[in-house]
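Work through the exercises below with the sequence and the coordinates open, and try each task before reading its solution.

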Amino acid sequence: MDTVCAQNSVKDQVRAKYDQIACGEADSGFCMAEGAYDEVDGYVGAADLKLGCGLPFEFTGIKPGERVLDLGSGAGMDAFIAMRHTGPAGTVWGVDLSSAMVDRARRNAQEIGAGNVTFLEGDIEAMPFDAASVDVVISNCTLNLVPDKMAAYAEIHRVLRPGGRFVIADVVRSTGASEVLVQQAEAYAGCAAGAMEFKRYLELIRNAGFAEVTTPSVRALDLPQGRDILKSVVICGSRSAKTHAAA
């Protein structure tokens, strides 16, 4: 199978899995951020499918009026919280590969009157947004599912305005974790197969052109297979404020 076919196969599997979750035909499995949202302003219970692996909002610093893009927006949980930060003068977009998730998020938005939040079906490796059109990119446990992470981070860099920033919660492999243990963790948690080794992941992000890449939160996941397999991390970075930065 060539690279393109392999990537399409992964996307088809991810899409099918999250269509099922959105339709209530499957659960999310191991919850990596249990209780993290309980006290967060803007929490919408109907949008919380227990799919996150961290709490990026502790580090976003979203300001009123900013334009926020949520990648892998699911049923809308993080987008609705972002809406509370941007206020009515801001704009929030959510993008998800699963059409069923997008439909569910749109219903949730209508029910709570989220007029400045828009949900779109789309591919993170080729996003339907203009260059330099977004102030902040957020994501919660989605980039680990993307086959071509370099393409995804190149797209994040492209859509961010100069000086814009990203805050992404994700799952990474611990250094030295054996393939057997990773496969066992995948069967239990459903998020390990596409997770990169932590150091390589940070190198990839820096190679995409981001500056000031930091990891303000790193937490080992307490799986039955052990705590030395997967980590939940929050990664922050910014696009250079120089106007001649590569798009």
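Helices (H or I, at least four residues) and strands (E, at least two) are DSSP runs, numbered from the N terminus. This is a predicted model, in which local features need pLDDT of at least 70 and side-chain atom pairs count only at pLDDT 80 or more, while totals for chains, interfaces and linings use all residues. Residues are numbered from 1 along each chain as its sequence is written, and side-chain values use heavy atoms, with hydrogens and water left out.

**Exercise 1.** Place Glu 155 in its element and decide whether Glu 155 is buried or exposed.

Solution. Begin with the element: Glu 155 belongs to helix H5, which spans residues 149–159. Next, take the relative accessibility, which is 11%, so Glu 155 counts as buried (buried means under 20% relative accessible area, exposed over 50%, partly exposed in between, with a 1.4 Å probe and protein chains only). Finally, leaving aside residues up to four places away in sequence, Glu 155 touches Ile 124, Glu 125, Ala 126 and Met 127, where contact means heavy atoms within 4.5 Å.

**Exercise 2.** Determine which strands stand at the edges of the sheet.

Solution. First write down the order of the open, mixed sheet, S3-S2-S1-S4-S5-S7-S6, bearing in mind that two strands pair if DSSP finds at least two bridges between them. Strand S3 (117–121) and strand S6 (211–220) each have a single partner strand, so one side of each is left without a neighbour in the sheet. Then examine the pairing of S6 with strand S7 (residues 230–238): the two run antiparallel and are joined by six bridges, and Ala 211 stands opposite Ser 238 in S7.
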